[in-house]
Amino acid sequence: MTIPHHSGDHPILETARQQVLEQGIGLAEAQLVDVLRLPADALPAALDLAHQVRLRHCGDEVEVEGIVSIKTGGCPEDCHFCSQSGVFDSPVRGVWLDIPELVKAAKETAATGATEFCIVAAVRGPDVKLMNQIKFAIDRIRQEVDINIACSLGMLTRKQVDQLASWGVHRYNHNLETARSFFAHVVSTHTYEERLETCAMVKDAGMELCCGALIGMGETLEQRAELAAQLAALEPHEVPLNFLNPRPGTPLENQQVMDGKDALRAIVAFRLAMPRTVLRYAGGRELTLGDLGTREGLLGGINAVIVGNYLTTLGRPAAADLNLLVDLNMPIKELQKTL
């Protein structure tokens with residue numbers, strides 16, 4: 001059932017209908033601010049429009065991914081939202097995962113119907129030892145299970161990018177996290193430009209770029225629009241959308257949880273900025289949106305989910321997400337291939 005839209009009352013929605021839905025051209029930064037400021041009564045129409053954009057430009061399939069951390073905690077960077085930073089007095093401590101555990105996790109991920117398995121390490125960037133472990137892990141996983149392998153290992157050198165590409169890494173995750181104008185408020189140990197450099201090298205090497213956002217850290221609506229526009233300019237294959245889950249011991253532990261309606265407006269804005277991008281539900285949605293909001297987002301532009309737990313926080317049970325996709329009659333991409 002399509003919700004009637006009253007875009008005549010809200011010119012930005014009529015503009016988006018022509019520009020994004022019909023022509024496939026994402027909204028510009030100033031237009032995204034208008035979307036993020038839409039009144040509550042316009043939200044159903046906005047979500048419906050974003051869903052139509054998603055169906056027309058991405059299709060109806062939903063991509064499911066599992067993630068596992070080979071190294072958790074003890075990171076030297078000071079990202080203010082992250083309990084894996086070794087700089088803060090956070091309860092997360094440095095832990096390494098051994099290769100058999102990684103292979104087991106890959107098998108469990110494939111059994112949920114996921115097509116993608118992402119290996120994550122909490123590091124500034126990988127050293128030779130970590131790169132060797134990643135190579136060994138990829139070889140072992142490939143022997144045991146048929147699943148696409150992605151990595152998220154921090155900032156890379158050109159040589160490391162080329163190595164990962166030659167090992168068959170399908171996709172690399174390196175998040176912008178926040179807008180250029182807000183970046184220095186949440187990270188001081190590296191720059192926005194350093195992140196952009198890794199993203200550019202990943203694309204040059206032919207890997208898919210997964211480049212995410214973390215919203216609700218105290219940025220303004222204008223900075224949220226700025227981030228969506230900066231991501232759109234990068235043209236990533238996928239954008240994981242995270243909502244801040246304030247973690248104990250981090251500088252943002254007392255940040256108020258983002259309002260659910262603002263989170264839904266952001267989902268709409270990111271979809272209207274990037275009509276063809278995989279927009280993936282990631283961390284914090286359980287807290288920010290709850291069950292009802294999670295459903296609304298899946299009918300408002302989201303077309304991928306991370307199932308199970310995140311790196312240091314508990315997610316929804318994988319079965320809950322998979323059942324929701326069935327309820328919404330959304331086909332899971334390549335489900336049969338991995339069962």
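At what angle do helix 9 (residues 221–234) and helix 10 (residues 260–273) pack, and how far apart are their axes? In this predicted model, the angle comes out at about 30°, and the two axes sit 9 Å apart. Angles under 35 degrees count as roughly parallel, so helix 9 and helix 10 fall into that class and run roughly parallel to each other. Their crossing is right-handed. On the helix 9 side, the residues that do the meeting are Arg-224, Leu-227, Ala-228, Leu-231 and Ala-232, and their partners in helix 10 are Asp-262, Ala-266, Phe-270 and Ala-273. Sorted by class, this contact is made of seven nonpolar and two charged residues, with no polar ones.

Helix 10 has a second partner to look at. Helix 2 (residues 29–36) crosses helix 10 at roughly 155°, and the axes of the pair come within 9 Å. Anything over 145 degrees is classed as roughly antiparallel, and helix 2 is therefore roughly antiparallel to helix 10. Here, too, the crossing is right-handed. Helix 2 brings Leu-32, Val-35 and Leu-36 to the contact, while helix 10 offers Arg-265, Ala-266, Val-268, Ala-269, Leu-272 and Ala-273. The tally by class is eight nonpolar residues, one charged residue and no polar ones. Ala-266 and Ala-273 of helix 10 turn up in the contact with helix 9 and again in the contact with helix 2.

Stepping back to the whole chain, the protein holds 13 helices and 10 strands. It has 339 residues, and 58% of them count as buried. Among contacts with a separation of 6 or more, 76% link residues that are 24 or more positions apart. The accessible surface adds up to about 13,700 Å², with carbon and sulfur atoms supplying 52% of that area.

One place to see such long-range pairing is strand 3 (residues 116–121), where Glu-116 lies. Is Glu-116 buried or exposed? Its relative accessibility is just 1%, so Glu-116 counts as buried, the limit for that label being under 20%. The C-alpha atoms of Glu-116 and Asn-148 are separated by 4.8 Å, even though the two residues are 32 residues apart along the chain. Asn-148 belongs to a longer list of contacts that Glu-116 makes once neighbours within four places in sequence are set aside. That list also takes in Glu-63, Val-64, Glu-65 and Gly-66, then Thr-109, then Ile-147, Ile-149 and Ala-150, and finally His-170 and Arg-171.

Two other glutamates stand out for their backbone angles. Glu-177 is not a glycine, yet its phi is positive, at about 70°. This residue is part of the loop that joins strand 5 (171–173) to helix 7 (180–186). Glu-235 is likewise a residue other than glycine with a positive phi, in this case near 50°. Its loop runs between helix 9 and strand 8 (238–243). Which of the labels buried and exposed goes with Glu-177, and which with Glu-235? Glu-177 has 10% relative accessibility and so counts as buried, whereas Glu-235 is exposed, with a relative accessible area of 58%.

Conventions. Residues numbered from 1 in each chain as written. Predicted model: local features only at pLDDT ≥ 70, side-chain atom pairs only at ≥ 80, totals over all residues. Heavy atoms only, no water. Axes fitted to C-alpha atoms, helices over the stretch in contact; angles between N-to-C directions. Helix = DSSP H or I, 4+ residues; strand = E, 2+ residues; numbered from the N terminus. Parallel < 35°, antiparallel > 145°, perpendicular 65-115°, else oblique. Left-handed = near helix turned anticlockwise from the far one by under 90°. Contact = heavy atoms within 4.5 Å. Nonpolar A, V, L, I, M, F, W, Y, C, P; charged D, E, K, R; others polar. Buried < 20%, exposed > 50% of the residue type's maximum accessible area, 1.4 Å probe, protein only. Areas by Shrake-Rupley, 256 points an atom, 1.4 Å probe, with all protein chains shown as cover.
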